[in-house]
Amino acid sequence: MFWKFDLHSSSHIETLLERADLTLRELLDEDDVLQECKVVNRRLLDFLVQPQHMEALVTCVTEEPPAELDERLRYKYPSVSCEILTSDVSPITDALGEDEGLLRRLYGFLQGHGVLNPLLASFFSKVMGILINRKTDQIVAFLRKKDDFVSLLLRHIGTSAIMDLLLRLLTCVEQPVLRQDVFNWLNEEKIVQRLIEMIHPSKDDNQHSNASQSLCDIIRLSREQMMQIQDSPEPDQLLGTLEKQETVEQLLGNMLAGERDESVIVSGIQVLLTLLEPRRARSEAGGMGSFYCPLEGQLELGPLGSDGSACQASPSTLLALRGYLRDFHQLLINPPKRPALQMTWGLLDPPLGNTRLQVVKLLGSSLGAGDAGLQEELLALDALNTMLDLYFKYTYNNFLHAQLEACLSTLLRAGAPPEDSQPPPDSPVVKHLLQKCRLVQRILSAWEENEQTQAAGGRRRGYMGHLTRIANALVQSSEKGPHVALVGQLLKELPEEEQERWEKFVSGPLAETNKKNIVDLVNMHNLHSSSDDEENDLKEFNFPQEAVLQQAFVDYQMQQVTSAFIDHFGFNDEEFGEQEESVNAPFDRTGSLSFSLSADDDSPNSNLFEVCYKERIQQFDDDDSDGEDAWQDKELGYSGGPPQPAGPRSCGSTDSEGSRDSEEEEGEEEDAGGGVEGGGGGEAEGASPDPVPAEPPAPPPPSAGVDTGVAVWDRPGSEASRPPTDGSWALLTDTPAQTR
């Protein structure tokens, strides 16, 4: 944050703090008051921590603002007050946490009757959270003195912010001993049993949902802390209470006794699913926390251990479930009444409903838990057949399809591996699937019906993707796995006609569908992960030398500059041992460049350059200029001599648009001036392509102008290459009248 570095301009607050009659309300109106708190503005903090101002801040957070205020401004001061109190600045936190009077005023928010304001409840929960985190000892000691604290929490558990406060109390206490004391205190207050009582038809839906979520959080947090602190001196009391059989039976009784309420059933199933979650190490879970914590309590049905056997869930939970399996199965057949739904593809009457979906999750998790007695009870109820009926009835409910696919796939691959080459015992669940549930026949019939529907122009059925995966799971279980012998035997026991249909289906439509599903979206044949292969591939391309030089320069710029950079800058001495050796491969091109420039100050080329330079500069600075363009190319020639043929144009020259009359006038001006200051570098129009004669023409009169064309520069072997003899700019008599 930028305020950590104190990079802020002077604030108007400094001016306000100079006033003796400054009020807290005026200070809260300033936009940068929170920023000034975070940069530890000492004068501001001294003002805020005064007892009357701290009391006013707490009052803003806990008391309902006047109703007559504008809705846009009504919660402005409570919001700013909450941000100041939770700014995590030590003077403010100390002043709040060490003043029991302020804590009592803050606690009074829970003692109000009626439904709490959700926004103020969030402010209250946030302030209490910072106190639990920073002033743990003081706030825990204060709350334990309040006999009605747990009762008040449960009274307002329907408010999500109060549920968050309970979670903060369980998670923000970092000291292991103190955290264990908090858990024991809450267990003595029977918070688990009282939360379960909130999941009852007599309570409202918000209380059902938040109480269920609180119990799920307690289970997961307790298990995670148990895994992290394996040498804990005593077991977790809250988790032990939750996993007791009588506690689970209390929950089941609230869910299924009397009138069936969907909110109660769904909320209770969430707690049961959490109890059935397997205890996994962090590395095995591969997700958040030390346990598998899927969204909405959804389990990985029938989780497998490292040896392939199902991980045992809480035995007391499974034992308590046995007596209520018939009630849950009855919910699949006669769910709570729901109105019909008009869907895009037609009328859905009755809808599946959340109750039946959650029951399918629970029964699938119970089957995958590996408890033989519970599996036997479910098979006797024919629950798997009922679940398959729902699968094919609700064609477009993919939530249901995903749950049943996970359940069947897990049952087909779950089981202990054979030991000492002895075949494993037959699985009653697998036999039930293939014999009583007629899984093979259902797959074949559904596939054929879907093909007929699509051939007639109808929609593809929504369960086909999951049905493909169920069929693949059955094929894989017949080829490998703990039930390979049993599945193979059961497939051979099918009628001969159905065996042929199954074999044709596996080798035909199923194989084609699998082939379509595994097509690479990107051509991976020419892609290699090896850096060496990538470098070899790049060698096939011929990059321009300019790109190589540019890349070499970029690489040089990207070098890391260290303290030893100066010592190692440049090249090593041994790299210059041989003149013919290249300094660096990327700079090989520089050796082929040829420069014909001479550093000799007395060379003709240097003198001619000075002539051109002087001419241009003088024309530009001439105050008597008649408005001519100083940078326009001019053609110079001899004023009195015959016209000379022009040589070939040099590369890069441009034609001059000047006329012969203007050139003659320039020649006359040069004669009058007696120098070469008018010498331009222009080119005559109509230049001839004839080659330059080997011998220069006759020398012109002394007053003739000089041509400074490029031809003079390009011919070092000509007479123009002779150095001057009298120290003048150039020997006019030695310069040929040759234009560019």
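Helices (H or I, at least four residues) and strands (E, at least two) are DSSP runs, numbered from the N terminus. This is a predicted model, in which local features need pLDDT of at least 70 and side-chain atom pairs count only at pLDDT 80 or more, while totals for chains, interfaces and linings use all residues. Residues are numbered from 1 along each chain as its sequence is written, and side-chain values use heavy atoms, with hydrogens and water left out.

**The whole chain**

Begin with the protein chain in full, whose secondary structure comes to 36 helices and 2 strands. Of its 740 residues, 41% count as buried; buried means under 20% relative accessible area, exposed over 50%, and partly exposed in between (1.4 Å probe, protein chains only). The accessible surface is about 41,500 Å², and carbon and sulfur atoms account for 50% of that area. Accessible areas come from the Shrake-Rupley method with a 1.4 Å probe, and for residues only the protein chains shown count as cover. Contact means heavy atoms within 4.5 Å. Among contacts between residues at least 6 apart in sequence, 73% join residues at least 24 apart.

**Helix α23 and the loop before it**

Select L357, which lies in helix α23. This residue is buried, since its relative accessible area is 12%. Beyond its neighbours within four places in sequence, L357 is in contact with L352, F399, L400 and Q403. Add V266 to the selection: L357 and V266 are separated by 91 residues in sequence, yet their C-alpha atoms are 9.2 Å apart.

Next, move to P350, in the loop between β2 (346-348) and α23 (353-368). The peptide bond from D349 to P350 is cis, with omega near -5°.

**Two aspartates with positive phi**

Most residues other than glycine have a negative phi, and most peptide bonds are trans. Select D88, in the loop between α7 (76-85) and α8 (90-97). Although D88 is not a glycine, its phi is positive, at about 60°. D88 counts as partly exposed because its relative accessibility is 38%.

Then select D382, in the loop between α24 (372-381) and α25 (383-393). The phi of D382 is also positive, near 60°. With a relative accessible area of 22%, D382 is partly exposed.

**A nonpolar patch**

Show the surface of L341, M343, W345 and Y396, which form a nonpolar patch with about 350 Å² of accessible area together. Patches are made of residues with over 30% relative accessible area and no salt bridge; like charges are joined within 9 Å, and nonpolar side chains (Val, Leu, Ile, Met, Phe, Trp, Tyr) within 5 Å. A salt bridge is a side-chain nitrogen of Lys or Arg within 4 Å of a carboxyl oxygen of Asp or Glu. Within the patch, L341 belongs to strand β1 (residues 341-343) and is partly exposed, at 38% relative accessible area.

**Helix α30 and its cover**

Select helix α30 (residues 484-492), where the buried residues are L486, V487, G488, L490 and L491. Display the elements that cover these residues, including α27 (428-435), α28 (439-455), α29 (464-479) and α31 (496-517).

**A negative patch**

Finish with E496, E497, E500 and E503, which form a negative surface patch. Here Asp and Glu count as negative and Lys and Arg as positive, with His and the chain ends not counted; the place of a charge is taken as NZ of Lys, CZ of Arg, CG of Asp or CD of Glu. One of the patch residues, E497, is found in helix α31 and counts as exposed, at 59% relative accessibility.
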